[in-house]
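Trainee: I would like to learn how the words used for a protein structure are justified. Could we go through one together, step by step?

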Amino acid sequence: MQAFIEPLFVNIAIIFSFTHLLNMFFPLHPGVIPSYKNQIIFGLISGAGALVCMLFPIETLQDSYFDLRNVPIMIVTLYVGWLPGAICSLIVLIARIGMGGDLVWLGVVLIFLAYIICLIYHGFFDEDKRRWISTMYIALVYTLFYILFIYSYLDFLTIDFYVVYFSSFLIAFFSCIFLIERLVKINMQLKETVYLDKLAVAGQMAAAIAHEVRNPMTTIRGMIQFLGSTTTDEKLKEHSPLLIEELDRTNKIITDYLSMVKPDVPKLERVELEKVLMDVISLTAPYGSINNVELTASEIGSYKVCIDEPKLKQGLMNIIKNGIEAIEEGGTIHLYPYKVTKRNITIAIEDNGKGMTEEELEQIGLPFYTTKAKGTGLGMMVTYKLIQDMGGKLRYESVLNEGTRVLLTLPLCTKSSGLVDEGVE
């Protein structure tokens, strides 16, 4: 049995090492679809990990080669998609054919089996609420087929082999999924920490300049308005409204900054979420109609959330307004319940606009970053602050030229929140 265990433990260590290596160079984030270049790199690195696993097989099983090469194929196909899975599978396939032997065909079949099963269930696995259920189902289906094939054609395998090998396979598969989920969560926390640090710097800047700048700006605005209404100079009359508009815009930037840093404890109350969403849709629907965008919503259910209603409405209107402006030739924005747990509810706000690249997703919420010609880049920064102050979370998922989905997570009223909702178990 020791001859079985040692190489399989080495394989598990190799898989974990390559997972950390990938995360080091390409940090894993939820909802971010890698570019084709990165998908190719993912496939090549996963293939390299599988090849290293093949260097340490169980060596006492006649003409057969058993290792954990198929785990990288399954993991990269499930998390990244068909292209890196195909690249990894092709690398392993070439290597296995090169090793030769009478049972080479069986190795090829098992490689294809791992890839096809994960490709079929990739869509289910991609949904957060079904991830672990899908993981168990995929592991069960593949293991059963795997056992069926080798039991039918390899009669020299002992019961010890089956127990040790498939236990190691399942440990590697489930542990790798768990490790990736933890790395994704850690990456999100690090990203949020960096964002909060930038927010603090922006706040210190705002607090320092707001008072000093606003007073002279008010004086200048008053003088321009007075001169514009009394002067006989046509050029001054023509340009004074533009000067006033720019001063007002500058004042709004300062106001937005101050709204992020001034101590403002949200007034949490027990609110019917569906009513808030319907109110926001009613308020933003006219703006959508002007831009040929239809706003729709699925039934949310009678969930009570603990939020500051005016702030939530302000944040939602900002998100929807951005979605409307991202749709260039008419389209839809749809709101629907995405995920419900005992403590939180997540609402998806999905549009079919122009979408965003990975680089643009990374910049959302940073000060003065905007894709609009006349935007200040502070709107989303304020929205993030409003949602965070209420104990909520905001996450963006986007595909270029296909659309964007905003996931808004809000706390439900529970005993721990002090505002109990008897309807939530």
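What follows is a conversation about how several labels are reached in this predicted model.

Trainee: How do you know that the length of helix α5 agrees with what its residues should span?

Mentor: Helix α5 covers residues 104-120, and at 1.5 Å a residue its 17 residues should span 24 Å, while its end C-alpha atoms are 25 Å apart, which agrees. Many of its side chains are hidden, among them Leu 106, Leu 110 and Leu 113, which are buried, and the cover over the buried residues of α5 includes α3, α4, α6 and α7.

Trainee: What makes the nonpolar surface patch, and why is Trp 82 called exposed?

Mentor: The patch, of about 500 Å², is made by Trp 82, Phe 112, Ile 116, Leu 119 and Ile 120, and its largest share, four residues, comes from α5. Trp 82 is placed in helix α4; its relative accessible area is 52%, and exposed means over 50%, so the label applies.

Trainee: Why is the pair of Phe 66 and Phe 161 called edge-to-face?

Mentor: A search of the whole structure finds 15 aromatic pairs. In the pair you mention, the ring centres of Phe 66 and Phe 161 are 4.7 Å apart and the planes stand at 65°; since the centres must lie within 6.5 Å and planes over 60 degrees apart count as edge-to-face, both conditions are met. The pair links distant parts of the chain, because Phe 66 is in the loop between α2 and α3 while Phe 161 is in helix α8, 95 residues apart. Phe 66 and Phe 161 are both buried.

Trainee: Why, then, is the pair of Tyr 162 and Phe 166 called stacked?

Mentor: Their ring centres are 6.2 Å apart and their planes are at 15°, and planes under 30 degrees apart count as stacked, so the name follows from the angle. Tyr 162 and Phe 166 both lie in helix α8, four residues apart, about one turn of the helix. Phe 66, Phe 161, Tyr 162 and Phe 166 are among the residues that form one aromatic cluster.

Trainee: How do you know that Lys 304 and Glu 272 form a salt bridge?

Mentor: The closest N and O atoms of Lys 304 and Glu 272 are 3.1 Å apart, and the rule asks for a side-chain nitrogen of Lys or Arg within 4 Å of a carboxyl oxygen of Asp or Glu, so the pair qualifies. Lys 304 lies in strand β3 and Glu 272 in strand β1, 32 residues apart. Lys 304, at 18%, is buried, whereas Glu 272, at 24%, counts as partly exposed, because the limit for buried is under 20%.

Trainee: What makes the salt bridge of Asp 279 and Lys 313 a tie between separate parts of the chain?

Mentor: The side chains of Asp 279 and Lys 313 meet at 3.4 Å, N to O. Asp 279 lies in helix α10 and Lys 313 in helix α11, so the pair ties together parts that are 34 residues apart in sequence. Both residues also belong to a network of salt bridges that links Lys 275, Asp 279, Glu 309 and Lys 313.

Trainee: Why is Thr 284 called buried?

Mentor: Thr 284, found in helix α10, has a relative accessible area of 6%, and buried means under 20%, so the word fits. Leaving aside its neighbours within four places in sequence, Thr 284 is in contact with Leu 295, Met 317, Ile 320 and Ile 324.

Notes: Residues are numbered from 1 along each chain as its sequence is written. This is a predicted model: local features need pLDDT of at least 70, side-chain atom pairs count only at pLDDT 80 or more; totals for chains, interfaces and linings use all residues. Side-chain values use heavy atoms; hydrogens and water are left out. Helices (H or I, at least four residues) and strands (E, at least two) are DSSP runs, numbered from the N terminus. The expected span of a helix is 1.5 Å times one less than its number of residues. Buried means under 20% relative accessible area, exposed over 50%, partly exposed in between (1.4 Å probe, protein chains only). Contact means heavy atoms within 4.5 Å. Rings of Phe, Tyr and Trp (its six-membered ring) pair if their centres lie within 6.5 Å; planes under 30 degrees apart count as stacked, over 60 as edge-to-face and the rest as tilted. Patches are made of residues with over 30% relative accessible area and no salt bridge: like charges are joined within 9 Å, nonpolar side chains (Val, Leu, Ile, Met, Phe, Trp, Tyr) within 5 Å. Accessible areas come from the Shrake-Rupley method with a 1.4 Å probe; for residues, only the protein chains shown count as cover.
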